[in-house]
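Subject: The structure I promised you

Hello,

Here is the structure I promised to hand over. Please have a look at it first, and then read on for what turned up in it.

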Amino acid sequence: MKILFYMPDAEAAAWLHDFARALPHAGLREWQPGDTAPADFAVVWRPPREMLAGRADLRAIFNLGAGVDAILSLEREQPGSLPRNAQLIRLEDTGMAPQMAEYVTHAVLRYLRRFDEYATLQRERRWHVLDPHPREAFTVGVLGLGVLGTHVARTLAAFGLPVRGYSRGAKEVEGIAAFAGEAQFDAFLDGAKVLVNLLPHTPDTANVLNARTFSKLARGAYLINVARGAHLVEADLLDALASGQLAAATLDVFRQEPLPPDHPFWQEPRITITPHMSALTLREESVAQIAGKMLALERGEAVSGVVNIERGY
Ligand code: NAP
Ligand code: GLV
């Protein structure tokens, strides 16, 4: 088994070391420009076009993340950039689901229990109890009921909050009010107090966090975007904060990353910013999952996590 590896930062050596331990009989190499020697599998994060274009040898490309929007954009911008016969396989959970649940729960509870307002009172040395948000009216809507969204929705429901989930196809998740497809989008949003985005970025979901979407939520709602920056119409968020339709937002992902120093979001105290860290790719879990799938493919078995290129996720 021959494996090509590419990651655009300095961690490649550690990944190659762990893959060599998991697959001692594999021939592993870090891809370098000009390397067209045969390989069975590629393991990549944000690969350059020239690494994959025109290759007929690869059986599968493993994406070192849950989202495949970056790699699919190569093909969208220039058809033929991805090998036709290779399956594209994404990470499924690999420790991201608990991280995402921690991150989103932290943001939701901060808003529910009014911790940001208590921090302001503390700075002013004021001892004052604020009215609690009524729990039964504190509906949380989770956009995307996939691997991560379902885990997040279940975790929030365990706090006794009313939780809704939205997916493309109909779903049943115990304890969650499930909505599916465009026809049920407005009913999913209707009066929600918190909106969490865990959709993949596809042509269908780009810009979904916009003024119309915000207008359907409860007044003073809270936005949590942990999926992709391209989901959010940035000007609409600033307008919704200015009008009071949204009370605040927690954003982990941005159209341009790193977020430029002169971006208006840095100046807005109601926006909490983190540097795309809500669910990091964990090496040990990811190597174990990918190595297991490579061995399964070698045995001629089908594996899960295969991306539907047409659908975009
Ligand atoms: P997933 O398992 O593929 O789930 C995607 C969900 O979105 C599914 O429920 C799917 O519906 C739904 N969906 C897709 N297109 C839709 C549409 N047009 N209308 C309605 N629902 C739609 O993905 P995942 O593993 O949960 O990951 C979700 C995303 O999180 C990734 O794509 C990535 O962008 C982001 N992410 C961010 C970080 C971070 O650190 N910030 C880390 C990991 C992942 P069906 O169930 O009906 O197919
Ligand atoms: C990270 O953003 C991922 O898609 O895994």
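A word on one term before the tour: a residue counts as buried under 20% relative accessible area, as exposed over 50%, and as partly exposed in between. By that rule Asp186 is partly exposed, because its relative accessibility is 29%. Please keep in mind that this is a predicted model.

**The sheet with five strands**

One open sheet is built from five strands in the order β2-β1-β3-β4-β5, with parallel pairing. At its edges are β2 (27-30) and β5 (87-89), each of which pairs on one side only. From one strand to the next, the twist averages 20°.

If you would like to see how β5 is held, look at strand β4 (residues 60-63): three bridges join β4 to β5, and the two run parallel. Within this pairing, Ile61 stands opposite Leu88 in β5.

A helix belongs in this picture as well. Helix α1 (residues 12-22) lies across β1 (2-6), β2 and β3 (41-44), and α1 runs at about 175° to β2.

Which aromatic pair links strand β3 with strand β4? Phe41 in β3 and Phe62 in β4 make that link, with their positions 21 residues apart in the chain. Their rings are edge-to-face, at 6.0 Å centre to centre and 65° between the planes. Phe41 counts as buried because its relative accessible area is 0%, and Phe62 is buried as well, with a value of 1%.

**The sheet with seven strands**

A second open sheet has seven strands, also with parallel pairing, in the order β8-β7-β6-β9-β10-β11-β12. Its edge strands are β8 (177-180) and β12 (271-273), and each pairs on one side only. Here the twist averages 15° from one strand to the next.

Inside this sheet, five bridges join β10 to strand β11 (residues 246-251), and the two strands run parallel. One residue to pick out is Asn225, whose bridge partner in β11 is Leu251.

Two helices to look at here are α4 and α6. Helix α4 lies across β6 (140-143), β9 (194-197), β10, β11 and β12, at about 165° to β10. Helix α6 (residues 147-157) lies across β6 and β7 (163-167), running at about 170° to β6.

Thr105 gives you a good place to zoom in on α4, since this residue sits in that helix (residues 96-112). Is Thr105 buried or exposed? Thr105 is buried, because its relative accessibility is 10%. Leaving aside neighbours within four places in sequence, Thr105 is in contact with Thr155, Leu156 and Phe159.

The UniProt record, an unreviewed entry, annotates residues 107-278 as "domain: D-isomer specific 2-hydroxyacid dehydrogenase NAD-binding". Over that stretch the chain is 27% helix and 18% strand, and the C-alpha atoms at its ends are 11 Å apart.

**Charged pairs**

Side chains of opposite charge can pair when their charged atoms come close. How many salt bridges does the structure hold? There are 14 salt bridges, and three examples follow.

Asp69 and Arg228 meet through their side chains in a salt bridge of 2.9 Å, N to O. This pair links distant parts of the chain, 159 residues apart: Asp69 is in helix α3 (residues 69-77), while Arg228 is in the loop between β10 (221-225) and α9 (234-243). Both Asp69 and Arg228 are buried.

Arg212 forms a salt bridge with Asp186, and their closest N and O atoms are 2.6 Å apart. Arg212 belongs to helix α8 (residues 211-216) and Asp186 to helix α7 (residues 185-189), with the two positions 26 residues apart. Arg212 is partly exposed at 44% relative accessible area, and Asp186, as said above, is partly exposed at 29%.

In the pair of Glu268 and Arg270, the closest N and O atoms of the salt bridge are 2.9 Å apart. Glu268 is buried because its relative accessible area is 14%, whereas Arg270 counts as partly exposed at 35%.

**Aromatic rings**

Finally, back to the rings: the count comes to 12 aromatic pairs. Tyr166, Phe179, Phe185 and Phe188 form one aromatic cluster.

Enjoy exploring it!

Best wishes

Conventions
Residues are numbered from 1 along each chain as its sequence is written. Chains are lettered from A and ligands numbered from 1 in the order in which they are written. This is a predicted model: local features need pLDDT of at least 70, side-chain atom pairs count only at pLDDT 80 or more; totals for chains, interfaces and linings use all residues. Side-chain values use heavy atoms; hydrogens and water are left out. A salt bridge is a side-chain nitrogen of Lys or Arg within 4 Å of a carboxyl oxygen of Asp or Glu. Helices (H or I, at least four residues) and strands (E, at least two) are DSSP runs, numbered from the N terminus. Buried means under 20% relative accessible area, exposed over 50%, partly exposed in between (1.4 Å probe, protein chains only). Contact means heavy atoms within 4.5 Å. Two strands pair if DSSP finds at least two bridges between them. Axes are lines fitted to C-alpha atoms, for helices over the stretch in contact, and angles run from 0 to 180 degrees between N-to-C directions. UniProt positions are given in the numbering used here, feature names are shortened, and annotations may be inferred rather than shown by experiment. Rings of Phe, Tyr and Trp (its six-membered ring) pair if their centres lie within 6.5 Å; planes under 30 degrees apart count as stacked, over 60 as edge-to-face and the rest as tilted.
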